[in-house]
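Q: Could you walk me through how the helices pack here, and what the labels rest on?
A: Sure, let's have a look.

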Amino acid sequence: MNSSSRTEQVFLILTALVDQPRHGYGIVQEVGRLSQGRMELKVGTLYGALDRLTSEGLVAPDRDEVESGRLRRYYRLTENGAEQLAADAQRLADNARIATERLRARGVALPGSTGIVGGLV
Amino acid sequence: MNSSSTVNSPNTVDMLESRYRRLLTLLPNSYRERRAEEMLGMLLDGAAEGRRWPRAVEVASLTGLAVRLRTGAVGGSLRAAAFGEVLQRFALAGLMIQTLYFASSLGEIVAASQTGMFPGWSGLGLLPILMVGCATALPAAALVCLVRGRSRTGRVLAVLSALLTCAEIGDSLASAGPLAFIFPAQLVLSMLAPLAISLVAATAALLGFHRDAPPAAAPGRWLRILAVSVPFVLACMTAAQFLDDHGRDSGMWVGAVAHVIVSPIVPAVAVMFGVSRVGRPVIWSTSLLLLSVPVMAVAIPLASLLIDHMSLQNLVLGPGLLGGSLIEVAWEAIVTQLILAIACWSAIRHDPRPPLSTPGLAGSA
């Protein structure tokens, strides 16, 4: 999968692993936080993505722990994964900057900067 | 989490765990051995207190994963990966055949509307031509999308194409007029092939090009075959109508050749690639074996029916059409048989070693 076709879900899974290794449910919670509750990863989606990312060398299993009799396998972002994520983030930031500049030129107020979205002609 | 009246009792947790375990048996054995405990932990971590049954979205999500793992997703078995590749090639070959089938109809209908070969066809409006044009373009577009990695669009187009084929064939049967009474079995059989192929190609596209599937193999080859064969079939059919309109029986021969191209040529070319690539013969063999079944199911009874009706056809349609049809059907049957024979030979001769590797977690945990 090339960087341009990587989905938002996969982007957020990789982002969730930047600061520390996490187990499956930890990834689900972190992705929920990062997306401000907008995205809820389902078990099939998460493990399908983890299998693919592992096979691409972007993510690797880190360690296994057992808590309250439940197996928790932790995943970490690999160096390759960090590089790919950085490239994706840069591409998205560039796209966002271009869109922002054009919206400002059109006179659209952006949320979080000068107020609510409005003023559309 | 709420800890008053809905506190998880050991009994509630055990019931939920046991139901999750039962749900996880949907997954393929090898995957379950590697992942089931980890997934169970995740599901139980995310379960609300007091819950006794898995949620519907969890059931749907795990069912989807189980299907994807059995049809080529990374993490599935080697056999599943091979099956996924068979589904992909089956879908692409089916879409190719659909495209060529309707391209031949398009050439025929356009030429007939110009030359007035059949009464009633010369006055054809734009609508039927547009319909057949769409029926040609849809599977072609689906094929292009699938091989270029636009799986979601490709799957939608493949389904739309199958629906349009159903509508087209229903319309053709309804408008067959007196021919439907003279040759009802022939008409039904000759229309069953594109119908069956469109339906199974759409199903194979849905199953083989899911979001976790690997990209299609050799995309450039599919596009090159499409780019060459569609204009060829269109040209053959148009030439056939033109020649026939000028009173020459050879027109039917050209038409017969074009029809021969329509169904068996794609798998025939494909099997050559398959046999030449020793590492991957089983994929092609299985794809072609599956693909040849609907074609054979139609070609062989159609041939016998044509022979049975020889004298009647001769009377009604003329010797040119009879000769063309017989040659066409004979060719279709022979080529299909040949494909089947090569596929079987190839499957027996070579070690069925699946080509795809499916890296998992083994050794890295």
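A: This is a predicted model. A good place to start is helix α1 (residues 8-16) of chain A and helix α4 (residues 79-106) of chain A, whose axes come within 11 Å and cross at roughly 125°.

Q: What makes α1(A) oblique to α4(A)?
A: Angles of 65 to 115 degrees count as roughly perpendicular and those over 145 as roughly antiparallel. The crossing here is roughly 125°, so α1(A) is oblique to α4(A).

Q: Which residues of α1(A) and α4(A) meet?
A: From α1(A) you have A:Phe11, A:Leu14 and A:Thr15, and they meet A:Leu85, A:Asp88, A:Ala89 and A:Leu92 in α4(A). By class, the contact of α1(A) with α4(A) splits into five nonpolar, one polar and one charged. As for handedness, α1(A) passes α4(A) in a left-handed crossing.

Q: Why are α1(A) and α3(A) called roughly perpendicular?
A: The axes of α1(A) and helix α3 (residues 43-55) of chain A cross at roughly 75°, coming within 11 Å. The window for that label is 65 to 115 degrees, and so α1(A) and α3(A) are roughly perpendicular to each other.

Q: Which residues does α1(A) use to meet α3(A)?
A: A:Gln9, A:Val10, A:Ile13 and A:Leu14 do the job, meeting A:Thr45, A:Leu46, A:Ala49, A:Leu50, A:Arg52 and A:Leu53 in α3(A). That contact of α1(A) with α3(A) has seven nonpolar, two polar and one charged residues.

Q: How do the axes of α3(A) and α3 of chain B cross?
A: The axes of α3(A) and helix α3 (residues 56-70) of chain B come within 7 Å and cross at roughly 35°. On the α3(A) side the contact is made by A:Val43, A:Gly44, A:Thr45, A:Tyr47, A:Gly48 and A:Asp51, and on the α3(B) side by B:Glu58, B:Ser61, B:Leu62, B:Leu65, B:Arg68 and B:Leu69. Sorted by class, the contact of α3(A) with α3(B) comes to five nonpolar, four polar and three charged.

Q: What makes A:Arg63 count as lying over the face of A:Tyr74?
A: On distance, the limit is within 6 Å of the ring centre, and A:Arg63 is at 4.0 Å from that of A:Tyr74. Chain B has a case too: B:Arg19 lies over the face of B:Trp53, at 3.5 Å from the ring centre.

Q: How many aromatic pairs are there over all chains?
A: Zero, from a search of the whole structure.

Technical notes: Residues are numbered from 1 along each chain as its sequence is written. Chains are lettered from A and ligands numbered from 1 in the order in which they are written. This is a predicted model: local features need pLDDT of at least 70, side-chain atom pairs count only at pLDDT 80 or more; totals for chains, interfaces and linings use all residues. Side-chain values use heavy atoms; hydrogens and water are left out. Rings of Phe, Tyr and Trp (its six-membered ring) pair if their centres lie within 6.5 Å; planes under 30 degrees apart count as stacked, over 60 as edge-to-face and the rest as tilted. A charge sits over a ring if NZ of Lys or CZ of Arg is within 6 Å of the ring centre and within 35 degrees of the ring normal. Axes are lines fitted to C-alpha atoms, for helices over the stretch in contact, and angles run from 0 to 180 degrees between N-to-C directions. Helices (H or I, at least four residues) and strands (E, at least two) are DSSP runs, numbered from the N terminus. Angles under 35 degrees count as roughly parallel, over 145 as roughly antiparallel, 65 to 115 as roughly perpendicular and the rest as oblique. A crossing is left-handed if the near helix is turned anticlockwise from the far one by less than a right angle, and right-handed if clockwise. Contact means heavy atoms within 4.5 Å. Ala, Val, Leu, Ile, Met, Phe, Trp, Tyr, Cys and Pro count as nonpolar, Asp, Glu, Lys and Arg as charged, and the others, Gly among them, as polar.
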